[in-house]
Amino acid sequence: MTVQTTRLTVAQALVRFLAAQYTERDGVRRRLIGATWGIFGHGNVAGIGQALVEHAEEMPYHQGRNEQAMVHAAVGYARQSGRLSTHAVTTSIGPGATNLVTGAALATINHLPVLLLPGDTFATRPADPVLQQLEVPYAGDVSVNDCLRPVSKYFDRITRPEALIPSALSAMRVLTDPVETGAVTLALPQDVQAEAYDWPEEFFAERVWTVRRPGADPTEHAEAVRTIRAAKRPLVIAGGGVHHSRAEGALAEFAEATGIPVASTQAGKGSLRHDHPQDVGGVGHTGTATADELARTADLVIGVGTRYTDFTTASGTLFSNPDVRFLNLNIAPFDGHKLAGQPLVADARSGLQELTEALRMHAHRVAGTYATEYTEDKERWEQRVDACYEVAEPDTRPTQPQVLGALDEIADESDILINAAGSLPGDLHKLWRTRSPDQYHLEYGYSCMGYEIPAAIGVKMAAPDRPVWALVGDGTYLMMPTELVTAVQEGIAIKVLIIQNHGYASIGGLSDSVGGERFGTAYRYPAEDGSYTGPPLPVDLAANAASLGMRVLRAKTVRDLREALAEARAADTPTCVYVETQTADTVSGAPPAQAWWDVPVAETATRPSAVKARELYERHVSTRRRHL
């Protein structure tokens, strides 16, 4: 039999292969690799770069300014696309490749697919060492790209053209696996990228990867139903897996049928609308008083698509009912067994639908007194939110909660908010009233400063008709404003809200609480004693954003802010709103943490603040519990 072949370089073959890959779930087909981001150097300019020129109609290309930021943009696109589509990112060998590591870690920790195509040193070793080669005396096959191994869900180095075929297929398998997905790295030696090979035409045929929705094992399902029916104070904790599965409707149906309240992690917020009767808000260290009190008294915690991070469990101190048990509906067996829980291994939507059907057959519903309790508690918390948003004097500087309140006034179901780090995640988790399943986009698995702006670009690419907001503090903004140039270049009309509070306010507040006295957290001039307690720095972030091509609206008062936000929302060009908040020496003015978080305090110290913090720390640690 004669095999039809086409002679292409490795890079050309890879680009053509990627353009023919699709996903399918629930009868909906999407292109798996929607575009490629790149910054070219000598490691990829004549390989992937040349291939993208040759196959420009098949593979769209976007020019980035920072390699880490390109990964964030791809991740934002993937999350907004429900993990059914993502982008590829190509870099040269050396600094470009190693700049990918932070973005790769973020993608893998958050279970979001992204394809990384870093250049690599020569496979044929024509000279040793070559530019940017890491010399390892005990191993000749190690390059800086090996830094990507521990943060990738799949890694391979393509040292021969024919090795690309099985490796590319394995890469697609991992990208589309709802359990194993994350960063996938194919390291491409620069000489191999440009090497020609006779490729079988079948390699370039359209290929569809089905994204599975497995149901529960019948035995696990039956046991789960019995466990739920026996519980008196059950609580659902909705995690990011609810969104990944597009299980929001199934969760609402489950909650309405049973009356079980639903709290949410940072990744799961928005699983129910804020005004749904069973939604009790965020849970854990950044959660609401309503959800956290329910968690303390729950006899059954039903985790749906959650990893149970320390923020959710209050570092093992939140679930304090002596009889509490855990039922974990998760597509990943690893997460299904956490907290010595009873696993229900299944896709979130499939598992919830099966549970709802079975519980309806038994007419199961929580006691009316329990429903009344959490309904009244929820109303009291909403009053606290109203108080945080309230503005008595509109011609004064806003507090950070008042900034969120002003945004809340103009937002509707179509708006998408993106944030990752600083004091904003805590305020948003407690206060934001989420109106749609994908409105609340918090990257809190890695909580990576600098994520917001490039991620907003990726989200806007996936949702071009919706208002997309990147919410950043001054600390985060200074980490990675470079992709503003990309937004301007490509006309991607993101809205950037810069909140200036003159430092790392979140860590400053944390430092204060653990005896660190806000050391090294303020953006101020040094005082005579060397501490950073002098006047605030004369940094003009609004001018910086304008210098990168953004349209900038400055807001000095609450009244100004309301007008600027409305104008920015209506804008069809990249627009920035800049506001300085009222309180520079406190985190935000939002309600304090409703649950603890473990940040170790010095066991011995001489300064009174640290001694006092250690005493408080030991009291909290004594309440930690191993759930067995």
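Leaving aside its neighbours within four places in sequence, which residues is D335 in contact with? The legends below begin with that residue and then turn to other parts of this predicted model.

**Figure 1. Surroundings of D335 in helix α13.** The view is centred on D335, which belongs to the helix spanning residues 333–336. Once neighbours within four places in sequence are set aside, D335 is in contact with H111, T306, R307, N328 and N330. Is D335 buried or exposed? Its relative accessibility is 6%, and D335 therefore counts as buried, the cut-off for that class being under 20%.

**Figure 2. Helix α23 and its buried face.** Helix α23 runs through residues 558–570 and has 13 residues. From the first C-alpha to the last, α23 reaches 19 Å, close to the 18 Å expected at 1.5 Å a residue. The buried residues of the helix are V558, L561, A564, L565 and A568. Viewed down the axis of α23, these buried residues fall within an arc of 115°, so they line one face of the helix. E563 and A570, on the other side of α23, are exposed.

**Figure 3. Elements that cover α23.** What lies over the buried residues of α23 includes one helix, α16 (400–410), together with the strands β20 (468–473), β21 (495–500), β22 (551–555) and β23 (575–580). Among the buried residues of α23 is V558. The C-alpha atoms of V558 and A392 are 9.9 Å apart in space, while the two residues are 166 residues apart in sequence. A392 lies in the loop between α15 (368–389) and α16. With a relative accessibility of 68%, A392 counts as exposed.

**Figure 4. The second largest pocket.** How much space lies in the second largest pocket? The volume is about 330 Å³. The pocket is lined by 20 residues, and those that lie nearest its centre are T121, F122, R125, G140 and D141. Sorted by class, the lining comprises nine nonpolar, five polar and six charged residues.

**Figure 5. The loop between β7 and β8.** This loop, between β7 (114–120) and β8 (154–157), holds P129. The peptide bond that leads from D128 to P129 is cis, with omega near 5°. R125 lies in the loop between β7 and β8 as well. The phi angle of R125 is near 50°, a positive value in a residue other than glycine. R125 also appears in the preceding view, as one of the residues nearest the centre of the second largest pocket.

**Figure 6. R518 in the loop between α21 and α22.** R518 is placed in the loop that lies between α21 (505–513) and α22 (541–547). The phi angle of R518 is near 60°, a positive value in a residue other than glycine. R518 has a relative accessible area of 27% and is partly exposed.

**Figure 7. A196 in strand β10.** A196 is found in the strand formed by residues 196–200. Which residues does A196 touch, not counting those up to four places away in sequence? They are R7, L8 and T9. Between A196 and P161 the distance is 7.6 Å in space, C-alpha to C-alpha, and the two are 35 residues apart in sequence. The relative accessible area of A196 is 32%, and the residue is partly exposed.

Terms used:
Residues numbered from 1 in each chain as written. Predicted model: local features only at pLDDT ≥ 70, side-chain atom pairs only at ≥ 80, totals over all residues. Heavy atoms only, no water. Helix = DSSP H or I, 4+ residues; strand = E, 2+ residues; numbered from the N terminus. Expected span 1.5 Å × (residues − 1). Buried < 20%, exposed > 50% of the residue type's maximum accessible area, 1.4 Å probe, protein only. Arc of directions from axis to C-beta. Contact = heavy atoms within 4.5 Å. 1 Å grid on protein atoms, 1.4 Å probe; cavity = no way out; pocket = protein on both sides within 12 Å on 5 of 7 lines; lining within 4 Å. Points joined across faces, edges and corners; volume = space filled by probe spheres on them. Nonpolar A, V, L, I, M, F, W, Y, C, P; charged D, E, K, R; others polar.
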